[in-house]
Amino acid sequence: MITKKEINQMIDKHELWLSGEKTKGVQLYVEDGIFLELNVADRFLIDVMLAGSTIKKCTLANTDFYYSNLASVIFLEVRMSGVILTKSNLDYSIVKNCDVTSSKLIRATFCEAEVEGVDFSNSDMIKVCFTDATLKNVKFINCDLTWASFRNASLQNVDFTSADLSNADFTNATIKNVDFTRVIYNDKTKWPEGSRRSI
């Protein structure tokens, strides 16, 4: 298990590495690590590698994970409001009971991820990819999901109220109790079978 002191030392070295001081800093690289009840809010974690790790009951609010490898990471009860996950890889991840509101996830990928009990409301999610993902009890209220992909995804109890779904792709998606109230869409939005009649 990674301690508070250890993660702070790793982040300090990583921020030096980001600033160009390669001889003093080192890229944050932890595979299959365990992070429990740590506060890592408001830090720069651009281009980190945490593949296969477990992050539980941590605070990551306003933390910048731009272009990071978070594949197969397990996020449990994590406070992530205002987080930046733009261009990050979260394929095969498990994200449960997390607050990811008011965040930036442009071009983030969640291919074959399991997402449950997550609130993404008011987030910028242009070109986010949930292809083949499973989403249950998820909120996308007032999100910008233009060009987002939900191809072959399974969606149950998902709320898209007031989301922008222009050019979004739901081809072959399976939906059950999905709320499309007041969504924005255009003629390039690709709907799952039968869903457009309810909009």
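## Parallel sheet, salt bridges and cavities

Leu 135 stands opposite Leu 155 in strand β7. This pairing belongs to a predicted model, and it offers a point of entry to the sheet.

Strand β6 spans residues 134–139 and strand β7 spans residues 154–159; the two run parallel and are joined by five bridges. Two further pairs of opposed residues can be named here. Thr 134 faces Ser 154 of β7, and Val 138 has Val 158 of β7 opposite it. In general, the side chains of a regular strand alternate between the two faces of a sheet.

How many strands does the sheet contain, and in what order do they lie? The sheet is open and has eight strands, arranged β1-β2-β3-β4-β5-β6-β7-β8 with parallel pairing. At its edges are β1 (34–36) and β8 (174–176), each of which pairs on one side only. From one strand to the next, the twist averages 10°.

On either side of the β6 and β7 pair, further contacts can be described. Strands β5 and β6 pair in the parallel sense over three bridges, and within this pairing Glu 116 has Lys 136 of β6 as its bridge partner. Strands β7 and β8 likewise pair in the parallel sense, over three bridges. There, the bridge partner of Gln 156 is Lys 176 in β8.

### Salt bridges

Side chains of opposite charge can pair when their charged atoms come close. The structure holds five salt bridges by the distance rule applied. Three individual pairs are listed below with the separation of their N and O atoms.

| Basic residue | Acidic residue | N to O distance |
|---|---|---|
| Lys 96 | Glu 114 | 3.4 Å |
| Lys 96 | Glu 116 | 3.9 Å |
| Arg 151 | Asp 169 | 2.9 Å |

Lys 96 takes part in a salt bridge with Glu 114. This pair links distant parts of the chain, with Lys 96 in strand β4 (residues 94–96) and Glu 114 in strand β5 (residues 114–116), 18 residues apart. Lys 96 also forms a salt bridge with Glu 116, their closest N and O atoms being 3.9 Å apart. That pair again links distant parts of the chain, from Lys 96 in β4 to Glu 116 in β5, 20 residues apart.

Are these three side chains buried, exposed or partly exposed? Lys 96 is partly exposed because its relative accessible area, 26%, falls between the limits of 20% and 50%. Glu 114, at 31%, is partly exposed, and Glu 116 is partly exposed with a relative accessible area of 26%.

Arg 151 and Asp 169 form a salt bridge whose closest N and O atoms are 2.9 Å apart. Arg 151 lies in the loop between β6 and β7, while Asp 169 lies in the loop between β7 and β8, so the pair ties together parts that are 18 residues apart in sequence. Arg 151 counts as partly exposed at 32% relative accessibility. Asp 169 is buried, because its relative accessible area of 12% is under 20%.

A network of salt bridges also links Asp 12, Glu 15 and Arg 43.

### Cavities

A search of the whole structure finds two cavities of 30 Å³ or more. The largest cavity holds about 90 Å³ of space. Its lining consists of Ile 7, Phe 35, Val 40, Leu 45, Leu 50, Ile 55, Cys 58, Leu 60 and Phe 65. By residue class, the lining of the largest cavity comprises nine nonpolar residues, with no polar and no charged ones.

The second largest cavity has a volume of about 40 Å³. Which residues line the second largest cavity? They are Met 80, Leu 85, Leu 90, Val 95, Val 100, Leu 105, Phe 110 and Phe 120. This lining divides into eight nonpolar residues, no polar and no charged.

Key: Residues are numbered from 1 along each chain as its sequence is written. This is a predicted model: local features need pLDDT of at least 70, side-chain atom pairs count only at pLDDT 80 or more; totals for chains, interfaces and linings use all residues. Side-chain values use heavy atoms; hydrogens and water are left out. Two strands pair if DSSP finds at least two bridges between them. Helices (H or I, at least four residues) and strands (E, at least two) are DSSP runs, numbered from the N terminus. Axes are lines fitted to C-alpha atoms, for helices over the stretch in contact, and angles run from 0 to 180 degrees between N-to-C directions. On a 1 Å grid over the protein atoms alone, a cavity is a set of points where a 1.4 Å probe fits but cannot get out, and a pocket is an open set with protein on both sides within 12 Å along at least five of seven lines; lining residues have an atom within 4 Å of a point. Grid points are joined across faces, edges and corners, and a volume is the space filled by probe spheres set on the points. Ala, Val, Leu, Ile, Met, Phe, Trp, Tyr, Cys and Pro count as nonpolar, Asp, Glu, Lys and Arg as charged, and the others, Gly among them, as polar. A salt bridge is a side-chain nitrogen of Lys or Arg within 4 Å of a carboxyl oxygen of Asp or Glu. Buried means under 20% relative accessible area, exposed over 50%, partly exposed in between (1.4 Å probe, protein chains only).
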